[in-house]
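Here are a few short exercises on aromatic rings and their surroundings. Grab your viewer and work through them one step at a time.

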Amino acid sequence: MMWSMVSNTNKVPTLAPRKSLYFNVVHQGHNKTLTVEGGGVNATVIQPDIAATNGIVHIIDRVLGVPFTTVGRKLATDPMLNKTYQLGKTNNFNIQLDDTSKKFTYFVPRDFAWNRMEARFPSAHKKMFMKDYDYHVKQILERHLVVDDKPLTMQMLKKYSNDSLTLPTIRDVLKLRVKESDSIQDPELQSLDGGYYIEWNNEWIHVFRPDVECTNGVIHVIDSVLLQDSDIVVSAAPTPSLSLGLGTAAALFLSLLAAHLL
């Protein structure tokens, strides 16, 4: 495949079973950079389109399939996961993702998922990127993050969830089912890209990139945000906290005391 044929977020199957490469074209001003992700490693194509008699060669700057970053660093460097990373800066949520003493399974909405949410709930999406709503954002991200004694691959999750599966997330619990597209009785889903789907709140969500390996866990890139109607209230602005200066508080106390004595 030549660079000119690569559209943004292009998925290409490899010879390894259930393994794909994911190409991205990153725009920086007038410059364009081609990146490729595989096996948890994001590499930059430093010399594309080298013609051979039986194909095309792209020279990259890293070995794919040998993870060397934490979940936190992977989130920070993957262009497809930029919005989740930016939201994770809220209340220092991302800091824990660099802890190598823990094992994480993180269901990460890609930018496409946040764009879908913006189209459906524009007011809620706007408020999620406002400082006043950082507490709500933290709660939503906590629903996506599982901490266990081992990272959970999609094959493991499918095996455990014959009926339903309850996972302990940072916030509470995550109840879901995992299936592959050919086992879902929905012609529309079967006609889409094959692979894994998770069912959450009666919605089947495509796992766009399963099993992105990191040194302290695994990321599953999903096509929808695990969002409930009650997560963000968009009808009114947050109520400002009431604070009194020391002098004002002292004066108020003396006034109340004098009124009581009288």
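**Exercise 1.** Is Tyr22 buried or exposed?

Before solving, some ground rules: this is a predicted model, where local features need pLDDT of at least 70, side-chain atom pairs count only at pLDDT 80 or more, and totals for chains, interfaces and linings use all residues. Residues are numbered from 1 along each chain as its sequence is written, and side-chain values use heavy atoms, with hydrogens and water left out.

*Solution.* Tyr22 has a relative accessible area of 5%. Buried means under 20%, exposed over 50%, and partly exposed in between (1.4 Å probe, protein chains only). So Tyr22 is buried.

**Exercise 2.** Work out how the rings of Tyr22 and Phe208 are arranged.

*Solution.* Start with the criteria: rings of Phe, Tyr and Trp (its six-membered ring) pair if their centres lie within 6.5 Å, and planes under 30 degrees apart count as stacked, over 60 as edge-to-face and the rest as tilted. The structure holds two aromatic pairs. In this one, the centres are 5.5 Å apart and the planes sit at 50°, so Tyr22 and Phe208 make a tilted pair. Next, place them: Tyr22 is in strand β2 (residues 20–28) and Phe208 in strand β11 (residues 203–214), 186 residues apart. Strands here are DSSP runs (E, at least two residues), numbered from the N terminus. Phe208 is buried too, at 7% relative accessibility.

**Exercise 3.** Describe the pair formed by Phe93 and Tyr106.

*Solution.* Centre to centre it's 6.4 Å, with 55° between the planes, which makes the pair tilted. As for burial, both Phe93 and Tyr106 are buried.

How values were computed:
Helix = DSSP H or I, 4+ residues; strand = E, 2+ residues; numbered from the N terminus.
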